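Biologist: I am new to this structure and would like a close look at a single part of it. Could you start there and then show me what surrounds it?

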Amino acid sequence: MNLQLYILWNPSLTIGPFRWYSLCWLVGLALAYLVVKRLYKEQHIKDELFDPLFVYCFVGILVGARLGHCLFYQPDYFLSSWQGVVEMVLPIHILPDGGWKFTGFEGLASHGGTLGLIIALWLYVRKTRLNIWRVLDNIAIATGTTACFIRLGNLMNSEIIGKVTDVPWAFIFERVDSYPRHPGQLYEAIAYALLFVTLWAIYKKSTNSQQSSARSPQVGTGWYFGFCLTYIFTFRFFIEYTKEVQEAFEASLPLDMGQILSIPFIIVGWVCMNRKQKL
């Protein structure tokens, strides 16, 4: 095996005072913020109804992603002791001597983040009285930007690595081992960037009076939300075949946890896409 053919990957975890992972999260959220703000403006939704949206989304994604990781992937650790419960909700690690150190949240699950976001948007809609399908569709259009940068953050952290492979674009994650592996994080980042470009193009076409038609999907039908879920989690289901399992118990399952959790979201997405045809 000629290791010179592959991409050696061992970037610094930080850039100046910032961690790459945290910075990617912030850039992704900031881009989504700007996209949705523009969508609200184009749809003549009042500014005061937009202002609280970011807080709802940020808290929903963070809490959902954290609980999703702890409950779906490591329940044996986080639910087996008071220490695990504390570490589940606080970004610390409790030391054997009773002290603690700040670690940040080491473990966030995209499926939990998606569920947390949906719940947060439901609460937001209850407060603002906006149409929930319009809100979900607008968020869906912007989702690809955040998802892309989160996976780039995973790439910078050399985490969620792929299986060993001999493809010429394989990465050697030197922080992990010396084997060439699929850069699954990069595959997902590219796919999510394409999702944003696709949904944005469809949205702009649907709002262009010269190009729109009766068959063009409109914001507020749930089609964009459904397409987003179906696209992301169908891709996620198949890309799992290129990844190493994240937890040992997954090795004994016919499908890994990421694939199992993706199936309900694919079904919900398909239902929402077809809902448009009945309106």
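Which residues line the second largest pocket?

Modeller: Happy to help, and one word on the model comes before the pocket. This is a predicted model, in which local features need pLDDT of at least 70 and side-chain atom pairs count only at pLDDT 80 or more, while totals for chains, interfaces and linings use all residues. Residues are numbered from 1 along each chain as its sequence is written, and side-chain values use heavy atoms, with hydrogens and water left out.

Now to your pocket. Its lining consists of Leu115, Ile118, Trp122, Ile132, Trp133, Leu136, Phe225, Leu229, Pro264, Phe265, Val268 and Cys272. The volume is about 170 Å³. On a 1 Å grid over the protein atoms alone, a pocket is an open set of points with protein on both sides within 12 Å along at least five of seven lines, and a lining residue has an atom within 4 Å of a point; a cavity is a set of points where a 1.4 Å probe fits but cannot get out. Grid points are joined across faces, edges and corners, and the volume is the space filled by probe spheres set on the points.

Four helices, H6, H7, H9 and H10, each give two or more residues to the lining. H10 provides the largest share, four residues. Helices here are DSSP runs (H or I, at least four residues), strands are runs of E of at least two, and both are numbered from the N terminus.

Those four helices also belong to a wider picture. The largest nonpolar core has 47 residues, and Tyr40 and Leu53 have the most contacts inside it. Such a core is a set of buried Ala, Val, Leu, Ile, Met, Phe, Trp, Tyr and Cys residues joined through side-chain atoms within 4.5 Å; buried means under 20% relative accessible area, exposed over 50%, and partly exposed in between (1.4 Å probe, protein chains only). Helices H1 (20–42), H2 (47–50), H3, H6 (110–128), H7 (132–156), H8 (184–207), H9 (223–239) and H10 (257–275) each supply at least two residues of this core. H7 gives the most, with nine residues. In soluble globular proteins, nonpolar side chains tend to be buried together.

Leu53 shows how the core is knit: leaving aside neighbours within four places in sequence, Leu53 is in contact (heavy atoms within 4.5 Å) with Val36, Tyr40, Leu121, Tyr124 and Ile139. Tyr40 also touches a polar resident of H7, Asn138. Asn138 counts as buried because its relative accessibility is 0%. Beyond residues up to four places away in sequence, the other residues that Asn138 touches are Val36, Leu39, Gln43, Ile45 and Val219.

Two loops connect helices of this region. His44 sits in the loop between H1 and H2, and Arg129 in the loop between H6 and H7. His44 has a phi near 60°, a positive value in a residue other than glycine; for Arg129, phi is near 65° and likewise positive. His44 is exposed at 73% relative accessibility, and Arg129 is exposed at 72%.

Further along, helix H5 (residues 82–89) has Gly84, Glu87 and Met88 buried. Seen down the axis of H5, the buried residues fall within an arc of 105° (taken from the directions from the helix axis to the C-beta atoms), so they line one face of the helix. They pack against H3 (53–72), H4 and strand S4 (92–94). From H4 (residues 75–78) comes Phe78, which is buried with a relative accessible area of 4%. Phe78 touches residues including Gly84, Glu87 and Met88 of that helix.

Finally, there is a small amount of sheet to find. Three strands form an open sheet in the order S1-S6-S7, with mixed pairing; two strands pair if DSSP finds at least two bridges between them. The edge strands are S1 (7–9) and S7 (180–181), each pairing on one side only. S1 and S6 (residues 171–173) run parallel over three bridges, and Leu8 has Ile172 as its bridge partner in S6. Ile172 is buried, at 3% relative accessibility.
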